[in-house]
Amino acid sequence: MNRKCFYYVATIATAGILLTQGAINALAQNSAGGQALVQDVNRMQNQASRAAQVQQTQLQSVINRSNTLITNRIGFLNNLLSRLQSDTRLLADEKSSLATTVQADISGLTTLKTKIDADTSLETARADEKQIITGYYVYAMFVPKVRLLIVLDNLQTVSNNVQALVPQIQNLINTEQAQGKDVSKLQAQLNDVSAQLQTINSEIAKDKAAVLNVSVGTANPGATFAPIRQDIAQIIRVDLAKIRADFAQMRPLFHQLIISNPRSSTPSAKTATGSGTTATKSAGNITPAQ
Amino acid sequence: MDENIQQGATQTPIFQPATSAPVPAGDRSKSLYLMIGLVVLILVAGGLYMFFYGKIATNSALKPVVPAINPTSQTQSSPAAQIVTEANIDQTLDNTDKTMQKSINQATSDLNDVSKIDSTQDSTNGL
């Protein structure tokens, strides 16, 4: 009975010891896991904080870059506006229309700058930054377009002025012809002037339509502008140069006709003859534009 | 009595020829009113004339003469604005040539400016 009791007590004691050790081990293990959990949470918090900091820095960087992009563009557009306002050949409505277009872009960019400065999301700021470029294409499309329109309008004014002169010169040639003078050379020169003007007007009309068609949505504005620049160069170097050469040849011809005219003894004719001498000299200096 | 009769006999009857018919009092006042009316009318007409004439004269003296066409509002006069004659044909052609030269120079300068524009600044690469 005592031995049996001893075994019983020994078994219970062993089991108790084993259970206690297990419990101690388990408790010890739980304590280590908690620390790891806290460390994990801390690490995650730190990572989130760093990510937020990085994002804030990137946002500020985008805002700063955007401000620079906008400032440069507005400065460039203001230069264009100054060029436009100082033009003496553009008609008032042409000038007003182009100036309004430029002002609209300046205004749009200014509004965009205000929006970007207030952006709090990096994604939104990046989208707005792209809008500075894709919404305006100031360098690739807008400024070249307005510049080319200014040139074309100016050339159109020149052409109109010369065109208005042609019938008056024709009248004078007719008058000389009625007096029995040989005006065949003068008539040929004037016909050439008219032909050049026709070419110029047709080129300008075609080019202006093409330039006006270019917009922000045009895929490659440069591809449209390149041939127009060539056309303008052609008008300057060839067509207008020919007209100037025609005028230069007409002046001595008129001079000869007026000298041989009995009416040239009048004071007004003398004045014309005097200026004709000077003009003949200067006519020799006329060179086609490079 | 006789004396009176004699006196009366010798006394020549006073005969006053009727140079003008006696005017009734009503007609006289009418004429007077007519005269006064005429004078008043002349005075009023004169006053009005002086008033308006003086006003017109003052206005024309005060207001500056405004040219029909403001020369500064015109961007450029057409060469055809003046009639081309033998006397001015040479000067006209010369002026036109100079104007063309200026326009050509400006257009050339503008074309150069256009070709200098750096369109790569509108590249979205890296954004």
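What span should the 13 residues of α3(A) have at 1.5 Å a residue, and how far apart are its end C-alpha atoms? In this predicted model, the expected span of α3(A) is 18 Å, and the C-alpha atoms at its two ends are indeed 18 Å apart, which agrees with the expectation. Within this helix, the buried residues are A125(A), D128(A), E129(A) and I132(A). Seen down the axis of α3(A), these buried residues fall within an arc of 105°, so they line one face of the helix.

One of those residues, A125(A), also gives a link to the preceding helix. K115(A) is found in helix α2 of chain A, and its C-alpha atom is separated by 8.7 Å from that of A125(A), the two residues being 10 apart along the chain. K115(A) has 13 other C-beta atoms within 10 Å and is therefore partly exposed, whereas A125(A) is buried.

From here the view can widen to the whole of chain A. Its secondary structure comes to seven helices and zero strands, so that from the N terminus on the elements run α-α-α-α-α-α-α. Of the 290 residues of this chain, 30% count as buried. Among contacts in chain A with a separation of 6 or more, 75% are accounted for by residues 24 or more positions apart.

A second helix of chain A, α5(A), can be read in the manner used for α3(A). With 30 residues, α5(A) reaches 44 Å from its first C-alpha to its last, close to the 44 Å expected at 1.5 Å a residue. Its buried residues are L186(A), Q189(A), L190(A), V193(A), Q196(A), L197(A), I200(A), I204(A), D207(A) and V211(A), and they pack against α4 and α6 of chain A.

The packing of the helices leads to the largest nonpolar core, which has 63 residues, and of these L148(A) and L155(A) touch the most other members. At least two residues of this core are supplied by each of α1 (2-85), α2 (92-117), α3 (122-134), α4 (138-178), α5 (184-213) and α6 (221-259) of chain A, and likewise by α3 (89-116) of chain B. The largest share of the core, 18 residues, comes from α4(A). Leaving aside neighbours within four places in sequence, L148(A) is in contact with V211(A), F225(A) and I228(A), and also with V114(B) of the other chain. V211(A) is itself among the buried residues of α5(A). In soluble globular proteins, nonpolar side chains tend to be buried together.

The partner, chain B, has three helices and zero strands, and along its sequence it follows the pattern α-α-α. Buried residues make up 13% of the 127 residues in this chain.

Where the two chains meet, 55 residues of chain A are in contact with 37 residues of chain B. On the side of chain A that touches chain B, α3, α4, α6 and α7 (267-283) each supply at least two residues, and the largest share, 20 residues, comes from α4(A). By class, this side of chain A has 33 nonpolar, 14 polar and eight charged residues. The helix α4(A) thus appears twice in this account, with the largest share of the nonpolar core and with the largest share of the side of chain A that touches chain B.

Methods: Residues are numbered from 1 along each chain as its sequence is written. Chains are lettered from A and ligands numbered from 1 in the order in which they are written. This is a predicted model: local features need pLDDT of at least 70, side-chain atom pairs count only at pLDDT 80 or more; totals for chains, interfaces and linings use all residues. A nonpolar core is a set of buried Ala, Val, Leu, Ile, Met, Phe, Trp, Tyr and Cys residues joined through C-beta atoms within 7 Å. A residue is buried if 20 or more other C-beta atoms lie within 10 Å of its own, exposed if 12 or fewer, and partly exposed in between; C-beta atoms are placed from the backbone. Helices (H or I, at least four residues) and strands (E, at least two) are DSSP runs, numbered from the N terminus. Two residues are in contact if their C-beta atoms, placed from the backbone, lie within 7 Å. Ala, Val, Leu, Ile, Met, Phe, Trp, Tyr, Cys and Pro count as nonpolar, Asp, Glu, Lys and Arg as charged, and the others, Gly among them, as polar. The expected span of a helix is 1.5 Å times one less than its number of residues. The arc is that of the directions from the helix axis to the C-beta atoms.
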